[in-house]
Amino acid sequence: MLKDRITGAKALMRALQAEGVKTIFGYPGGSIMPTYDALFDYTRGEKKCFDHILVRHEQGAVHAAEGYARVSGEVGVALVTSGPGATNTLTGVADAMLDSTPIVVIAGQVAIGALGTDAFQEVDLVGLAQPISKWSYQIRHAGDVAWAVSRAFYIARSGRPGPVVLDFPRNAQVEEIDWEPKKVDFIRSYVAYPKLNMEAVRQAAELINNAKRPLALVGQGVELGNAQEELKTFLEKAGIPAGRTMLGLSALPSNHPLNVGMLGMHGNYAVNLKEQECDVLIAIGMRFSDRVTGNTKTYAKQAKIIHLDIDRSEIDKNVKTDVAIVADCKESLPALTALLDDVKRSSLNVQRQEWRESFRELDAKEREKVIEPAIHPQEGPLLMGEMVNAVAEQAPDDAVLVTDVGQNQLFATRYFKYHHKRSICTSGGLGTMGYGMPAAIGATFGAPERTVCCFMGDGGFQMCIEELGTIMEQKSPVKMILMNNHYLGNVRQWQDMFWMRRKSFTKMMNPCYELIAQGYGIPYMAVTDRKDLRAAVEKMLTTDGPFILECAIKEDDDVLPMTPPGMNVNDMMLEI
């Protein structure tokens with residue numbers, strides 16, 4: 001019987017194919033060249049099973065893989081070389097770890113015989129990646145490829161998702177083996193899906209059934225667990241208002257009657273204040289980030305805390321919990337819902353309704369003082385809020401919002417509209433400037449049927465500006481909204497508020513973006529007057545392929561409301 005004898009590089013192709021990989025974002029180099037040679041046959045002709053997207057920087061490859069994963073629900077893949085190619089990915093790996101994004105990064109490495117000799121482009125990638133990934137591993141022999149890849153994808157996508165890094169020495173790429181597929185779906189030391197504790201569920205149900213002023217905090221865990229419908233059933237049965245974290249914004253539609261807005265430092269006024277008034281707080285798939293809680297010493301001390309999360313390490317980490325339900329929310333939410341009283345038949349119905357109504361006065365106050373002036377200004381320069389609102393009003397209901405980091409992110413997440421699940425890609429935990437453009441590229445491959453709107457400031461736009469080359473080559477239909485205020489806006493705002501207006505190195509001299517767009521062959525339009533805004537947005541959205549819409553934004557446009565750092569959530573400011 002003839003053996004199927006292949007190289008480790010070809011084994012990698014087969015292993016990726018077995019995991020259902022369709023798209024790879026990468027950048028070739030010396031130590032990964034055998035793998036790229038094997039990839040050649042798998043991207044063309046009868047053998048074709050992958051699309052390889054040549055990015056212009058390895059950091060762009062990882063952010064693109066993140067964007068792909070966030071909108072598709074699949075594992076994103078990045079392929080790079082050793083040394084600087086590998087280290088350039090680490091920002092994206094850390095970003096994916098903090099935001100629970102499932103990606104696999106495969107990096108070349110010098111042959112194992114040269115390890116420890118300071119060989120050209122040698123770096124200890126496993127050691128560097130270990131603290132910022134779910135798993136990092138060096139594939140030292142070709143015979144380990146199938147097992148390592150299957151294990152990597154299992155770890156990346158299961159439980160609380162996250163990044164995995166595979167270090168692939170050159171000798172393992174060229175060594176020949178008898179191909180044998182492997183499938184890893186169990187790791188003894190890794191409990192991806194904890195067993196649901198029904199006693200905890202009963203305790204939580206009792207607290208909720210007796211609550212007069214319950215409030216739910218919805219995080220990205222609902223999206224990652226594909227539990228959007230289970231969430232709605234839970235909220236509607238009990239009549240519970242729900243705030244959403246930034247990463248959880250599309251877990252519940254913007255127009256759902258129980259949606260009471262975005263949580264956090266720049267979230268909505270009512271929901272932040274009401275966290276300090278509720279009697280039961282139900283956190284679902286969120287980690288009580290400092291950006292949500294403000295001062296934890298005073299946060300929701302009046303409330304009983306129920307925390308639903310798949311990751312046991314999040315329980316009691318930042319906020320002390322009264323009842324913890326450690327399980328997949330796809331399983332825990334229906335179990336909890338089954339034990340809840342139907343609020344419409346409950347004696348608490350009137351009190352719950354009054355509780356929900358109490359949000360409206362605060363909502364009206366925010367709308368008058370913040371929202372209307374931000375989205376419908378009558379005079380002066382263009383504002384970021386009106387820019388986002390103009391796009392949100394014309395974009396399709398299933399449009400995907402991608403943002404960079406800074407004021408553009410805060411305005412965009414506040415004023416965009418979410419009607420469809422998996423509709424937001426933004427760097428939450430790490431706050432990575434330069435994330436937006438490559439993540440948007442990845443999103444166009446992860447959801448090719450959806451419109452991808454990417455909001456960027458002039459700072460973030462320039463951090464990964466080289467990825468315009470990827471957009472040009474791939475004709476990626478990214479609708480880029482460049483909100484140009486000639487400042488690192490968020491830092492400038494903090495300098496104005498907390499550093500006596502000493503604007504230390506936040507003013508930016510910018511290039512001519514029109515000429516840059518011309519160089520890349522990307523359609524471009526500039527808006528300086530609000531009377532032209534609607535037509536410009538329509539032009540952008542109806543143009544096939546990519547588009548850059550530059551908007552001249554008021555230099556000192558501030559994001560409000562705001563809870564000053566270290567303050568209580570109910571210290572939120574509506575004006576400066």
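Okay, disulfides. How many does the structure hold? Zero. Bear in mind that this is a predicted model, and let's look at a couple of its cysteines. Take C453: the closest cysteine sulfur to its own is in C454, and that one sits 9.1 Å away, so it's too far for a bond. C453 counts as buried, because its relative accessibility is 0%. Then there's C551, which isn't in a disulfide either; its nearest cysteine sulfur belongs to C453, at 12 Å. C551 has 0% relative accessibility too, so it also counts as buried. As a reminder, a disulfide is a covalent bond between the sulfur atoms of two cysteines.

Let me step back to the whole chain. We've got 23 helices and 20 strands here. How many residues? There are 576, and for that number a compact globule would have a radius of gyration near 25 Å; the chain comes out at 25 Å, so the two agree. If you box up the C-alpha atoms along the principal axes, you get roughly 75 × 60 × 45 Å. Of the 576 residues, 59% count as buried. And if you take contacts between residues at least 6 apart in sequence, 77% of them join residues at least 24 apart.

Now, the inside. The largest nonpolar core has 68 residues, and L281 and F455 are the ones with the most contacts inside it. Which helix gives the most to this core? That's α15, with seven residues. Apart from that core lies another one, of 42 residues, with A38, A172, W179 and A192 among them. In general, nonpolar side chains in soluble globular proteins tend to be buried together.

Let's stay with F455 for a second. Setting aside neighbours within four places in sequence, F455 is in contact with a whole list of residues, including M387, V391, L401, F416, I481 and M483. That list also has D404 and N408 in it.

Back to α15, which covers residues 349-375 and has N349 in it. Is N349 buried, exposed or partly exposed? With a relative accessible area of 22%, N349 is partly exposed, because buried means under 20%. Beyond the neighbours within four places in sequence, N349 is in contact with V343 and K344. If you look for A238, it's 111 residues from N349 along the chain, yet their C-alpha atoms are separated by 8.9 Å.

Another helix to find on your screen is α5, residues 90-98. Which of its residues are buried? L90, G92, V93, A94, D95 and A96. Those buried residues pack against three other helices you can pick out, α3 (58-72), α4 (84-87) and α6 (125-129), and against strands β5 (103-109) and β7 (163-169). Just after α5 you'll hit S100, which takes a positive phi of about 55 degrees.

Last stop, a bit of strand pairing. Strand β2, residues 23-26, runs parallel to strand β3, residues 51-54, and four bridges join them. To get from β2 to β3, the chain crosses through helix α2, residues 33-41, and this β-α-β crossover is right-handed. What stands opposite I24 in β3? That's H52.

Key
Residues are numbered from 1 along each chain as its sequence is written. This is a predicted model: local features need pLDDT of at least 70, side-chain atom pairs count only at pLDDT 80 or more; totals for chains, interfaces and linings use all residues. Side-chain values use heavy atoms; hydrogens and water are left out. Helices (H or I, at least four residues) and strands (E, at least two) are DSSP runs, numbered from the N terminus. Buried means under 20% relative accessible area, exposed over 50%, partly exposed in between (1.4 Å probe, protein chains only). Contact means heavy atoms within 4.5 Å. A nonpolar core is a set of buried Ala, Val, Leu, Ile, Met, Phe, Trp, Tyr and Cys residues joined through side-chain atoms within 4.5 Å. Two strands pair if DSSP finds at least two bridges between them. A crossover is right-handed if, with the strands pointing away from the viewer, the path from the first strand over the helix to the second runs clockwise. A disulfide is a pair of cysteine sulfur atoms within 2.5 Å. The radius of gyration is taken over C-alpha atoms; the globule rule is 2.2 Å times the number of residues to the power 0.38.
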